[in-house]
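Work through the exercises below with the structure open. Try each task before reading its solution.

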Amino acid sequence: MPEASVPEHLLAPSAIRVVRLEIGDAFNRLEPTVKRYAHHLSRAAWRGSRLTMSQAFHLGLDLLACMEDIFKAFLVQTESEETTIFSVGNLKGRKLDLDVLQKHADLTDQEMKDFMIWVGNFLGYFTIFNVFGGNRWIPRIPRDRFDAVVQAAQDAAGTDADIVNRWSNLGDFIYDTERSTRVGMPGDNSPTNYAAGIYIGDVTEEEGMLLQRFIGDALKVREEWVENTVVQKHADGTLEIKRCSVEGVGDAPLEYEFEGRRILISKGHLSEHLSSVVEELQLAIPYAGNERQKKVLELYIKQFTSGDRIMEIDREWVLDMDPPVDYYIGFGSPYADPLGGIRQEFTSEVSVQDPKQSQLYEGIVSAATERLDGSGSDDARIKVDHLPWGPAFEKEKYTRPSFKASALLTRMRGFPIGIAYGAADDEGNVIGMKQFNFENMSIRIEPNEPLLHAEDAKLLSDVYQDAMDINTALHELVGHGSGRDFREILDENRNSVFNFDVNTIDPTTGEKITSWYKPGQDYKTVFGPLGVTFEEARAEMVALYAVFNSAYLSVFGYPGVTTKEGREFVRLVVLNIIIQGVRALSAHTTSKGWGQAHMQMYHFILRLLVEKGGASVTLPTDEDPVPKVSVVSSDKIVETVKPAIEEALLLIQVCRSTADPERGRALYEKYTTVDEHWEQIKQGYLKVANPRNVYVQTNTFLTGSGEVVIRQYDRSPAGIVESWLDRVY
């Protein structure tokens, strides 16, 4: 049993659902040279996992090392063919024996289960904080029983290990119920807040924004300059901006004075781990498929070595349109930064393309975009008549996007069904995009889904894969690919140049626009913490608006909404989003609000459609304690849901284009404030909520003959642990 004094919302889940990222068929189709390329990219990603761990929370690396030491003490030799073929360090031919661990620590079955659930979530999500709620997960196994595990490992490992001492400080932090229990800016007045490893010390929100002013006003550099930095507040109040790089270890920091504060800038943070990433990227170069791929790898190596952002990487990478193996690596995940993604976590992914399914997504690209300057040009734009705003609010052109169906081989922290990456010019305008839909990430709706009436559950279960595929495709391609930010830029003579017509009329007011992004401003700095979830809402609502268009429905083999079949499919797509809006309530707490951007976005759309009459959610009752979700009939879906989405989406786009977060915030808060009514619905849902997926990932290995092979692991917390131990280097 957990400690009696620990609030339930701070406890780790009582169950775990481990899902394997199936990759075998996709990987085995690759040519040997491409497998070798993928192997080194995957190894680079996993070596970068140490960076991710350190940014997830400041004791992340220590905890990872402690867990590795605990489980290495219970590895046993085995002679099976499966284990002897692999060789990583001194772990060749070893298997984890949890029965021995449980016996030596004298744990009950329940205590062992609670221990492994907590470890599985830590290694699966790279953090001990709930990524969907923001609060720290305290183990359900009592502290003294966790201590027994540590002592058992120490006894098994012998005097060469120092597991007990390493655990002492870690355990105090992990079991603390008073401080650092929730993701947020720390500060003297917020002892429960904790800003991961991106802000070290009691950095306040105001101090974080002071540094942003310093970067823009004093250093006069772009926002990308700070993506690979962390901030440390020293005892004397000095703020140090620490840049992650291979070079610069031991160099004297640069010193500044700004608004009465002493500010230091240093390099070489996490140098050891970036060095190991660079080593694997260098090994990948001989196996690159073309000169552009080689150039991108060389630029990544240069960027990680110096710590200086190289914008050319994105521009070259986005033009490599059809590789059998693609990847992203770097400081590009904005979700952990409480200030809205100003500083970004190290993230990486490697995926294998599915050529046949990718042809379907090329059909979506063709339906959504139109080529410019002749049929042979790569320049394109989103078809403006597919959107609720006119050409003034849309990009004039960008490189025709790539959209691929892929299977994830490797992914750091966060497992999206789809994702989009963009490349920008020197003025911040998006010039090209790559979008991915990850086939091995899909999750089914079961025919007995408790949030749905029986008939709807069966209908949605039958078309769920198509509903998810079209929604993800439109979210990434048309959603994130559309819209223009109005920018004022200074030319070489310090004269203002505008990327829009200053006489543009705001379609929501009928008046001329009065705001835009001034020199030195961008979306992240203007919208702050609202920015990430606001953009996700914009993209998702574009997808919902676009799904009413027969051009997209036909790509997936469905007729348009002039037919009953087409309307019914659209109704089920909408229904699936509404379900997510109820599930999202699990990421909300009454004291601290929303802990995850996508969850807040889904709830926003749910509440909007409920108010506009397009959807409904029942309150739990004694007869039916689980809330039930429904949307209007297919005969009313076009006249009810589409106008509601169109009206709100137009305002959201105008707010984004014109750098007007206040109007956007008012709309967003209206539909995401959780009152007693929605709290009752949340509690009803939590009674039947399934644990979230935790993924066990594949490892690649080189055999003695130079062949690349893969190892996949059991769908269990033990499988997750074994996969990590096989990555020790």
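**Exercise 1. Charges over rings**

Over the ring of which residue does the charged end of R656 sit, and how far is it from the ring centre?

Solution. The model is a predicted one. Start at R656. Its charged end sits over the ring of Y523, 3.8 Å from the centre. Then go to K434. The charged end of K434 sits over the ring of W317, 4.2 Å from its centre.

**Exercise 2. Aromatic pairs**

Find how many aromatic pairs the whole structure holds, then classify the pair formed by Y328 and Y421.

Solution. Step one is the count: the search gives 35 aromatic pairs. Step two is the geometry of one of them. The ring centres of Y328 and Y421 are 4.4 Å apart, and the planes differ by 10°. Planes under 30 degrees apart count as stacked, so this pair is stacked. Step three is location. Y328 belongs to strand 11 (residues 325-333) and Y421 to strand 16 (residues 418-424), so the pair ties together parts 93 residues apart in sequence. Both tyrosines are buried.

Step four looks elsewhere. Ring pairs also join F71, F115, W118, F122, F146, W167 and Y175 into a cluster.

**Exercise 3. A serine in a strand**

Is S348 buried or exposed, and which residues does it touch beyond four places in sequence?

Solution. Place S348 in strand 12 (residues 345-353). Its relative accessibility is 2%. The cut-off for buried is under 20%, so S348 counts as buried. Now list its contacts. Leaving out residues up to four places away, S348 touches A45, Y328, I329, T410, R411 and M412. Y328 is also a member of the stacked pair with Y421.

**Exercise 4. A histidine in helix 2**

Describe the setting of H40, from accessibility to partners.

Solution. H40 lies in helix 2 (residues 32-56). At 4% relative accessibility, H40 is buried. Its side chain makes a polar contact of 3.1 Å with the side chain of R36. Next, set aside neighbours within four places in sequence. H40 is then in contact with E280, L283, A284 and Y287.

**Exercise 5. Two positive phi values**

Compare L270 and R494: where does each lie, and is each buried or exposed?

Solution. Begin with the background. Most residues other than glycine have a negative phi. L270 departs from this, with phi near 60°. R494 does too, at about 65°. L270 lies in the loop between strand 10 (261-269) and helix 10 (271-284). R494 lies in the loop between strand 18 (488-490) and strand 19 (496-498). Now take accessibility. L270 has a relative accessible area of 14% and is buried. R494 has 61% and is exposed.

**Exercise 6. Helix packing**

Describe how helix 14 crosses helix 16.

Solution. Two packed helices are described by the angle between their axes and the distance between the axes. The axes of helix 14 (residues 454-479) and helix 16 (residues 531-546) come within 8 Å and cross at roughly 115°. The crossing is right-handed. Helix 14 makes the contact through N471, L474, H475, V478 and G479. Helix 16 contributes E536, R538, A539, E540, V542, A543 and A546.

**Exercise 7. Helix 22**

Which residues of helix 22 are buried, and what covers them?

Solution. Look at the start of helix 22. There, a side-chain oxygen of D675 reaches to within 3.2 Å of the backbone nitrogen of H677. In helix 22 (residues 676-686), the buried residues are W678, E679, I681, K682, G684 and Y685. Their cover includes helix 18 (564-583), strand 20 (588-589), helix 19 (597-611) and strand 22 (615-617).

Terms used: Residues are numbered from 1 along each chain as its sequence is written. This is a predicted model: local features need pLDDT of at least 70, side-chain atom pairs count only at pLDDT 80 or more; totals for chains, interfaces and linings use all residues. Side-chain values use heavy atoms; hydrogens and water are left out. Helices (H or I, at least four residues) and strands (E, at least two) are DSSP runs, numbered from the N terminus. Buried means under 20% relative accessible area, exposed over 50%, partly exposed in between (1.4 Å probe, protein chains only). Rings of Phe, Tyr and Trp (its six-membered ring) pair if their centres lie within 6.5 Å; planes under 30 degrees apart count as stacked, over 60 as edge-to-face and the rest as tilted. A charge sits over a ring if NZ of Lys or CZ of Arg is within 6 Å of the ring centre and within 35 degrees of the ring normal. A polar contact is a pair of N or O atoms within 3.5 Å; within protein, one must be able to donate a hydrogen and the other to accept it, and residues adjacent in sequence count only if both atoms are side-chain atoms. Contact means heavy atoms within 4.5 Å. Axes are lines fitted to C-alpha atoms, for helices over the stretch in contact, and angles run from 0 to 180 degrees between N-to-C directions. A crossing is left-handed if the near helix is turned anticlockwise from the far one by less than a right angle, and right-handed if clockwise.
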